[in-house]
Amino acid sequence: MEGSSGRARVVVLVSGTGTLLQALLDAAKDLAAPYRIAGVVSDRAEAGGLERARAAGVPTAVVAPGDFPDRAAWDAGVAKAVGVFRPRLIVLAGFMRLLGAAYLAAFGDCTINTHPALLPSFPGAHGVRDALAHGVTVTGASVILVDEGTDTGPIVAQRAVEVLEGDDEASLHERIKVVERELLVEVVTRMTAHGWQVRDRRVRLG
Ligand code: GRF
């Protein structure tokens, strides 16, 4: 769905510091950008990403699991909070929770997630640590469509990052995040400008 500006409305879900969100906000400042960030939703009131959204004048919502009686109610709460912003595309940018049936029924076909490893290798919350522990020499960033699994959805785009001698989890993650931010902005730009199609797990942009 589009706002009065004609730009596609994008909602970003964050749990953490929100540097990926910041990259999307910065790129959206370009008047030629095909999208704008219509809202930011977090599961944590203290997430740094919320501060970044406020600084950019973007409305925010907090959907904390502790405020809901159970998992299903929380999930429906996330769908409701996202729906308020009438998004064309939803981006999980460092959002550290799995979304369930109610959310996926509402927005499963237009939600992407970014992950700091080359999926299907090293899914889950510790993709960087697990890749290092395995001893890979190349890892990277993946943007995928969200489904009911943990990082199992169709792959939209990937980019490789070399593991360097002496890398630890923090140094490798920082280098991956540089690439991840670029990749995410490119993908969101292309998806909102030209749309996308999914066939047999293959995602075609434009
Ligand atoms: C990213 O690497 C994301 O893929 C991972 O957490 C990081 C979020 O970084 N799940 P930030 O909060 O956007 O800085």
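A residue counts as buried when its relative accessible area is under 20%. The views below come from a predicted model.

**View 1. Helix α6 and its buried residues.** Helix α6 covers residues 169-194. The helix has 26 residues, and from its first C-alpha to its last it reaches 36 Å, close to the 38 Å expected at 1.5 Å a residue. In the N-terminal part of the list of its buried residues stand Leu-172, Ile-176, Lys-177, Val-179 and Glu-180. Leu-183, Leu-184, Val-185, Val-187, Val-188, Met-191 and Thr-192 of α6 are buried as well. Residues three or four places apart in an α-helix point the same way, because there are 3.6 residues a turn. Gly-195 follows α6 and has a positive phi, near 75°.

**View 2. The crossing of helices α5 and α6.** Helix α5 is formed by residues 127-134, and its axis comes within 9 Å of the axis of α6. The two axes cross at roughly 120°, and the crossing is right-handed. From α5, the contact takes in Val-128, Arg-129 and Leu-132. From α6, Glu-169, Leu-172, His-173 and Ile-176 take part. By class, the residues of this contact are 4 nonpolar, 1 polar and 2 charged. Leu-172 and Ile-176 are also among the buried residues of α6.

**View 3. The open sheet.** The sheet has 7 strands in the order β3-β2-β1-β4-β5-β6-β7, and its pairing is mixed. Strands β3 and β7 form the edges, each pairing on one side only. From one strand to the next, the twist averages 20°. At the β3 edge, 3 bridges pair β2 with β3 in the parallel sense, and Val-40 stands opposite Thr-60 of β3. Helix α2, residues 48-55, packs on the sheet and touches β1, β2 and β3. The direction of α2 makes about 155° with that of β3.

**View 4. Strand β6 between its two partners.** Which strands lie on either side of β6 in the sheet order? They are β5 and β7. Strand β5, residues 111-115, runs antiparallel to β6 and is joined to it by 4 bridges. One bridge pairs His-115 with Ser-142 of β6. On the other side, 7 bridges join β6 to β7, residues 155-162, again in an antiparallel arrangement. Here Val-138 has Glu-162 of β7 as its bridge partner. Strand β6 spans residues 138-145 and is largely enclosed by the rest of the structure, because 7 of its 8 residues are buried.

**View 5. Helix α3 and what covers it.** Helix α3, residues 71-83, reaches 18 Å from first to last C-alpha over 13 residues, close to the 18 Å expected at 1.5 Å a residue. Its buried residues are Trp-74, Asp-75, Gly-77, Val-78, Ala-79, Ala-81 and Val-82. The elements covering them include strands β1 (8-14), β2 (35-42), β3 (60-62) and β4 (89-92). Helix α4 (101-107) is also included in this cover.

**View 6. Gln-22 in helix α1.** Gln-22 belongs to helix α1, which is made of residues 19-28. Is this residue buried or partly exposed? Gln-22 is partly exposed, because its relative accessible area is 23% and the cut-off for buried is under 20%. Gly-49 is 27 residues from Gln-22 in sequence. In space, the C-alpha atoms of Gln-22 and Gly-49 are 7.8 Å apart.

Technical notes
Residues numbered from 1 in each chain as written. Predicted model: local features only at pLDDT ≥ 70, side-chain atom pairs only at ≥ 80, totals over all residues. Heavy atoms only, no water. Axes fitted to C-alpha atoms, helices over the stretch in contact; angles between N-to-C directions. Helix = DSSP H or I, 4+ residues; strand = E, 2+ residues; numbered from the N terminus. Left-handed = near helix turned anticlockwise from the far one by under 90°. Contact = heavy atoms within 4.5 Å. Nonpolar A, V, L, I, M, F, W, Y, C, P; charged D, E, K, R; others polar. Buried < 20%, exposed > 50% of the residue type's maximum accessible area, 1.4 Å probe, protein only. Pairing = 2+ DSSP bridges. Expected span 1.5 Å × (residues − 1).
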